[in-house]
Amino acid sequence: MHKTVDVSVDAMLEDLRTLVEIESPSRDPEALTASAKAVAAVIENRLGGQATLVESEAGPHVHWSAGGDPKVLVLGHHDTVFPLGTLERRPFTVADGQATGPGVFDMLGGFVQAVHGLATLDDRSGVEILMTADEEVGSHSSRALIEERALACGAVLVLEGAADGGGLKTGRKGCGTFHVSIAGRASHAGLEPAAGVNALIEASHQVLDIAALGRPDRGTTVTPTVASAGTLDNVVPAEATVVVDVRVESADEKERIEAAFAALTPHLDEARIEVQGSISRPPMPESASAELFAVARRLLPGLEGKAVGGGSDGNFTAALGVPTLDGLGAVGGGAHADHEFLVVDAMAERANLVAGLVNAIRNA
């Protein structure tokens with residue numbers, strides 16, 4: 001069994017401040033380059049060796065290997081959802097037992113905890129760290145690298161923030177976005193409304209059809225989220241768009257939903273529909289985490305596991321059949337929100353949990 005080692009919370013907070021104060025919004029390669037260099041420096045300072053910056057169109061991913069036969073991939077991302085300038089409004093602060101600032105919970109805190117946990121291990125052989133630059137925007141440039149390293153290592157620990165109350169994330173829904181474009185025909189709304197094909201009316205029919213695809217009893221949610229139509233108040237709208245968020249628990253439901261979107265048909269004569277999108281993150285079944293979660297429970301008795309609706313890069317690794325455990329990052333809350341926070345008192349325990357899991361996986 002892994003023995004608990006003292007880690008310095010002050011040192012963790014110092015590294016966390018460094019990273020939070022280098023803002024890293026997705027889709028900003030310049031900011032992400034600065035962030036990647038800082039992430040690499042934290043790894044090298046605490047663990048030695050050399051981290052590699054893997055260039056991509058999204059910005060640099062950071063990869064580090066301790067060498068030896070790969071056994072476990074510690075996976076996270078250094079991009080955040082917050083635009084440049086958020087830090088000025090919401091600077092990094094530690095007060096009342098909480099650290100706040102853009103990205104503390106999602107997911108810079110989890111990364112810092114993991115690095116400091118790994119630093120307590122005398123032998124780090126077989127461990128790899130991958131911090132990607134585009135998780136918040138779909139992981140399009142990092143997915144192949146994530147999958148390659150996950151298959152090479154054979155086990156994945158994901159550093160996303162903990163579930164409510166500090167539990168681990170043992171299952172995740174698959175998720176995706178669909179864009180439905182509707183083409184009608186413009187005409188004068190007063191002089192000859194019947195000469196037009198009203199894309200807004202067609203969109204209204206489609207929204208009701210799409211919303212009816214949800215199956216909450218099967219864990220499937222289908223939620224129209226953004227819509228637009230029309231140009232002027234006296235013109236029959238020629239175009240409309242509807243954006244839809246979809247979450248599914250099973251591969252069967254993924255197939256059903258994708259087929260249903262492909263089969264959408266117009267209600268109005270001469271209206272045309274085009275659908276783009278897919279369920280791009282496959283579901284992460286709880287079976288993928290069962291073995292590793294049992295190990296975590298032995299290390300930290302009473303630890304809870306929870307299946308959640310949000311997706312992460314763990315969805316990709318679980319879909320490959322690689323044992324994957326998620327939610328190993330910060331204890332806190334408010335992901336993607338202004339009240340985002342990290343619980344300082346939980347940092348040392350989480351650092352030790354990651355170290356204990358790594359040891360157990362390597363010794364299995």
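**View 1. Phe-178 and its aromatic partner, Phe-261.** At 2% relative accessibility, Phe-178 counts as buried, and Phe-261 is buried too, with a relative accessible area of 1%. Here buried means under 20% relative accessible area, with a 1.4 Å probe and protein chains only. This is a predicted model, in which local features need pLDDT of at least 70, side-chain atom pairs count only at pLDDT 80 or more, and totals for chains, interfaces and linings use all residues. Residues are numbered from 1 along each chain as its sequence is written, and side-chain values use heavy atoms, leaving out hydrogens and water.

The structure holds 1 aromatic pair (ring centres of Phe, Tyr or Trp, the last by its six-membered ring, within 6.5 Å). The ring centres of Phe-178 and Phe-261 are 4.0 Å apart and the planes meet at 5°, so the pair is stacked (planes under 30 degrees apart). Phe-178 lies in strand β9 (residues 174-183) and Phe-261 in helix α7 (residues 251-262), so the pair ties together parts that are 83 residues apart in sequence. Helices (H or I, at least four residues) and strands (E, at least two) are DSSP runs, numbered from the N terminus.

**View 2. Gly-176 in strand β9.** Gly-176 is buried, with a relative accessible area of 7%. Its contacts (heavy atoms within 4.5 Å), not counting residues up to four places away in sequence, include Val-244, Asp-245 and Ser-278.

**View 3. Strand β8 (residues 168-172) beside strand β13 (residues 305-308).** In β8, 5 of 5 residues are buried. The two strands run parallel, joined by 4 bridges. Gly-171 has Ala-307 of β13 as its bridge partner.

How values were computed
Phe/Tyr/Trp six-rings, centres within 6.5 Å; stacked < 30°, edge-to-face > 60°. Buried < 20%, exposed > 50% of the residue type's maximum accessible area, 1.4 Å probe, protein only. Pairing = 2+ DSSP bridges.
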